[in-house]
Amino acid sequence: MQPSEQLSLRVPADAHGERLDKTLCALLPAFSRSYLQQRITEGDVRSGGMALVKASNRVRTEQVLEIILRETPQSQAFVPEAMDITVVYEDAHLRVIDKSAGRVVHPAPGHWQGTLLNGLLALDEQAMLLPRAGIVHRLDKDTSGLMVVARTRQVMDALVDAIAAREVRRQYLAVARGRWRWPQALELAGPIGRDPQHRQRMAVVDLDRHSGKPARTTAVCLGQSEQACLLKCILHTGRTHQIRVHLAHAGFPLVGDSLYGGRPLADMQRQALHAWQLAFKHPVTGQSMAFAAEPPPDMMHLLNQTGLRYNGAPDDDPA
């Protein structure tokens, strides 16, 4: 993108009556809504020689919109960057990838380049036509493992709906501090919201006093040693830091998760969390799809050093 670039766009018939910011998002999918809203409020969107400075303005069929795209850290973020991405499965409609630990999924302040989104834009030219390059769910920067990414808008919308309807099954492997003192399977259902005492963290909150959303995780103990326990965690909802928060609240912070009180162990400096299994119905073919990814070397080293056994066999037990 040049320091500034002016484009002329014509409003299609199916956008008649839509908000200005929503229309620009549809016409310029490579740019985020917040970036386009910034262009609006700064007077960079005009029609008929007049600046349109309200994102809520309604557009009309055949209206010509002129927009100046100015270079900002955010606008520079949505560019292709070649990088190694482990593709577990792909077809014309979607990809399943195994994300490495340390990779931020989506550009954000402090991480405008080098994200998974940048890599997807370089991997697949179709990704430029999709919001967020087809990303439908996220993993934390230091969480490794499986993600599904859409390659068409139809599939993207279908996957988002399937996740919302809890039809996408996600299981994680986690190594937590301490000996497991609960029954083998433990249901964790505390609502999650922003920690009122520490705004950088999430927490289990009292909904009568603080804002938050319902959250549910099932944790199953697969083995333990004197220092740690190996857990299978099943997500039933998808809140920010959900597994990390629920386990810390139960007294079992993840190894290496300094944000939630989990000290390092056996050189594991990141949170010991890996998106292990992913299952869903293919949005186009209807076929049942299931994938599993081995834990990365740092997590295998942790398991070996703590005497925890990983047998590598996917477990479809719904518990």
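**Exercise 1. The chain as a whole**

What does the accessible surface of the protein chain come to, and what percentage of it belongs to carbon and sulfur atoms? Then describe the overall make-up of the chain.

*Solution.* Keep in mind that this is a predicted model.
- Step 1: The accessible surface comes to about 15,700 Å², and 47% of that belongs to carbon and sulfur atoms.
- Step 2: For the extent, take the principal axes, along which the C-alpha trace spans about 70 × 45 × 35 Å.
- Step 3: Next come the elements: the protein chain has seven helices and 15 strands.
- Step 4: Of the 319 residues, 46% are buried.
- Step 5: Now look at contacts with a separation of 6 or more: 65% of them are between residues 24 or more positions apart.
- Step 6: Finish with charge. There are 37 positive and 33 negative side chains, and the centres of the two sets lie 6 Å apart.

**Exercise 2. One side of a helix**

Find the buried residues of helix H1 (residues 20-27) and work out where they sit around the axis.

*Solution.*
- Step 1: Taking under 20% relative accessible area as the cut-off, you should find Leu20, Asp21, Thr23 and Leu24 buried in H1.
- Step 2: These residues lie on the same side of H1, because they cover an arc of only 160° around the axis.
- Step 3: A general rule helps here: an α-helix has 3.6 residues a turn, so residues three or four places apart point the same way.
- Step 4: See what that side meets. The buried residues of H1 pack against strands S1 (4-10), S2 (45-47) and S4 (64-70), and against helix H2 (33-41).

**Exercise 3. The sheet beside H1**

Three of the strands just met, S1, S2 and S4, belong to an open sheet with S3. Give its strand order and its edges.

*Solution.*
- Step 1: The four strands run in the order S1-S4-S2-S3, with antiparallel pairing.
- Step 2: S1 and S3 are the edge strands, as each pairs on one side only.
- Step 3: Zoom in on S2 and S4, which are joined in the antiparallel sense by two bridges. Val45 stands opposite Ile67 in S4.
- Step 4: Now visit the loop between S3 (50-51) and S4, where you will find Arg60. Arg60 is partly exposed, with a relative accessible area of 49%.
- Step 5: Leaving out residues up to four places away in sequence, Arg60 touches Val11 and His16. From Arg60 to Leu20 is 40 residues in sequence and 9.6 Å in space, C-alpha to C-alpha.

**Exercise 4. A hairpin and its two faces**

Which side chains of strand S15 (residues 288-292) point to one face and are buried, and which point to the other? Place the strand in its hairpin too.

*Solution.*
- Step 1: Met289 and Phe291 point to one face and are buried, while Ser288, Ala290 and Ala292 point to the other and are not buried.
- Step 2: This fits a general pattern: in a regular strand the side chains alternate between the two faces of the sheet.
- Step 3: The partner strand is S14 (residues 273-281), which runs antiparallel to S15 and is joined to it by five bridges. Phe280 has Met289 in S15 as its bridge partner.
- Step 4: Six residues lie between the two strands of this hairpin, and Gly286 in the turn has a positive phi of about 80°.

**Exercise 5. An enclosed helix**

Why is helix H6 (residues 242-249) largely enclosed by the rest of the structure?

*Solution.*
- Step 1: Six of its eight residues are buried, so H6 is largely enclosed.
- Step 2: The buried ones are Gln242, Ile243, Arg244, Val245, His246 and Leu247.
- Step 3: Just after H6, check Gly251, which takes a positive phi of about 95°.

Note on methods
Residues numbered from 1 in each chain as written. Heavy atoms only, no water. Buried < 20%, exposed > 50% of the residue type's maximum accessible area, 1.4 Å probe, protein only. Contact = heavy atoms within 4.5 Å. Areas by Shrake-Rupley, 256 points an atom, 1.4 Å probe, with all protein chains shown as cover. Lys, Arg positive; Asp, Glu negative; His and termini not counted. Charge placed at Lys NZ, Arg CZ, Asp CG, Glu CD. Arc of directions from axis to C-beta. Pairing = 2+ DSSP bridges.
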